Amino acid sequence: MKLEIIIFGILSAVALIILNILAYKLLQYKKLVNTLNTKLKIRETAIRNADILMYEYSPNDKKITFSEEALWQRGLNFKICERIDFIIESDEFGDESKERLKSAFKKIDDGEKIVETTLRENFCSDIEKMRKIIITNFFDKHEKPIKAMVISRDITEECSLLKKAERDGLTGLYNKLTAETMMIKHLCYHKGKNTKNAFIILDIDKFKEMNDTFGHMAGDEILENIAKKIGKACRESDILGRLGGDEFVILMKDIKSESQVISIIQRILNIARYEYSDGKSKIICSISAGVAFGKFQTNDYQNLYRMADMALYKAKQNGRNQYCIYNQEIENL
C-alpha cells in the first residue's frame, strides 16, 4: 500500500514536471509566433509602401514574371508567370491605361530599346494610384529582343502635387499659367504643319452684376457650375483653362471642320445658362464666345488670343448669349 502511494507520488511529480515543461514550451511557441507575425506585418507594410516594383517580360512567349513580393504588395490575382494580354484585359486597368500598356509592349516587341508610359491603377483598394512604367529591352547577338525589365514606380503623390500646382483652385480647370503654357507648346510644335485649331474665349454675361447683387460666394458658385458644364461639352483632347475672373479659354486641337467647333460652342451656350435667385432678386447668367481659327501663319497663341478677343467683343456688342467668329471685317472695325 505504501509502495503504491510512493509510486503514485512519483508519477504525479513526473506528470507535473512534464506539464510545466509543455506549458513553458507552449509559451515559448506563442512568443515565437507573435514575433514572426510582427516581423511579417513589418515586412508586409514595407512591401506595400514600396514605391518601385520590378518585373520581367519575355517578348517570345508574351509573358510577365512577377516576384511573390510584387503579387503580395499589390494584391494581384495573377500567377507568378502570366500572359501580358491577360494582365492588360483584367479589371486592374481602365480603358486608357489598357491602350497605353498595349502600345508600350507592342513597341518593346518591335524592338524599341526603352519605352515609358504612365498608368492609372486601382490595385488592392478603391484608391486610385498613378504609376510610371519604364520598360528596357535586352537583345541577343542578332539584335533580337529576348527579355525586357519592367520598372513600375508609384507617382501618385507627385501627380497630386503637380495637379494642385496646375489647376485653378475654384473650378479645377487648368490655371492661367498652365493653360497658356500647354497651348503655346502645342501651337509651336504644330506651326507650319497642315493642322487647324480653334481658339475660343468664353465670358460670363452679367457676371459683375451677379457679384454686386448676391456677393462673391454666389459668384464662385456660378463659376464652379459653369466650368463643369463647359468641361462636359468639350472633347477630352481639348485644352480648357480659366484665365481669371469669369474668362475661360479653350484650344480645340486638330479640328476636322469649323462646323464641329460651332456645334460644341452652341452646346456650351445652351447648357451653361445659369439662373440665380435669393428669393428677392433673380439674374440669368449666359455665355458669350469669341472664336478664332488658326492655320499655318496664324497658328500662334498671341495672334489667336487677339483675334478671339475681338470676336468676343463683337458678340457682346450684338447682345450677348451668342458666339462670333473672327473675320477680316472685325479686324477693320
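Helices and strands here are runs assigned by DSSP, with at least four residues for a helix and at least two for a strand, and they are numbered from the N terminus. With that in mind, show the whole chain as a cartoon, remembering that this is a predicted model, and you will be looking at a protein with 11 helices and 13 strands.

Before selecting anything, colour the protein by burial: of its 333 residues, 37% are buried. Then switch on the surface, where the protein exposes about 20200 Å², with carbon and sulfur atoms supplying 55% of that area.

Next, select strands β1 to β6, which form an open sheet of six strands with antiparallel pairing, and follow them across in the order β3-β2-β1-β6-β5-β4. The edges are taken by β3 (81-83) and β4 (114-121), and because each of these has a single partner strand, one side of each is left without a neighbour in the sheet. If you turn the view to look along the sheet, you can follow its twist, which averages 25 degrees from one strand to the next.

Now move to the pair made by β1 (residues 52-58) and β6 (residues 145-154), which run antiparallel to each other and are joined over six bridges. Strands of a sheet pair through backbone hydrogen bonds. Within this pair, select Glu-56, and you will find Met-149 of β6 standing opposite.

Finally, add helix α4 (residues 95-109), which lies across β1, β2 (63-65), β4, β5 (129-139) and β6, and which runs at about 160 degrees to β4.

To end, return to the whole chain: among the contacts with a separation of 6 or more, 57% are between residues 24 or more positions apart.

Key: Residues numbered from 1 in each chain as written. Predicted model: local features only at pLDDT ≥ 70, side-chain atom pairs only at ≥ 80, totals over all residues. Heavy atoms only, no water. Pairing = 2+ DSSP bridges. Axes fitted to C-alpha atoms, helices over the stretch in contact; angles between N-to-C directions. Contact = heavy atoms within 4.5 Å. Buried < 20%, exposed > 50% of the residue type's maximum accessible area, 1.4 Å probe, protein only. Areas by Shrake-Rupley, 256 points an atom, 1.4 Å probe, with all protein chains shown as cover.
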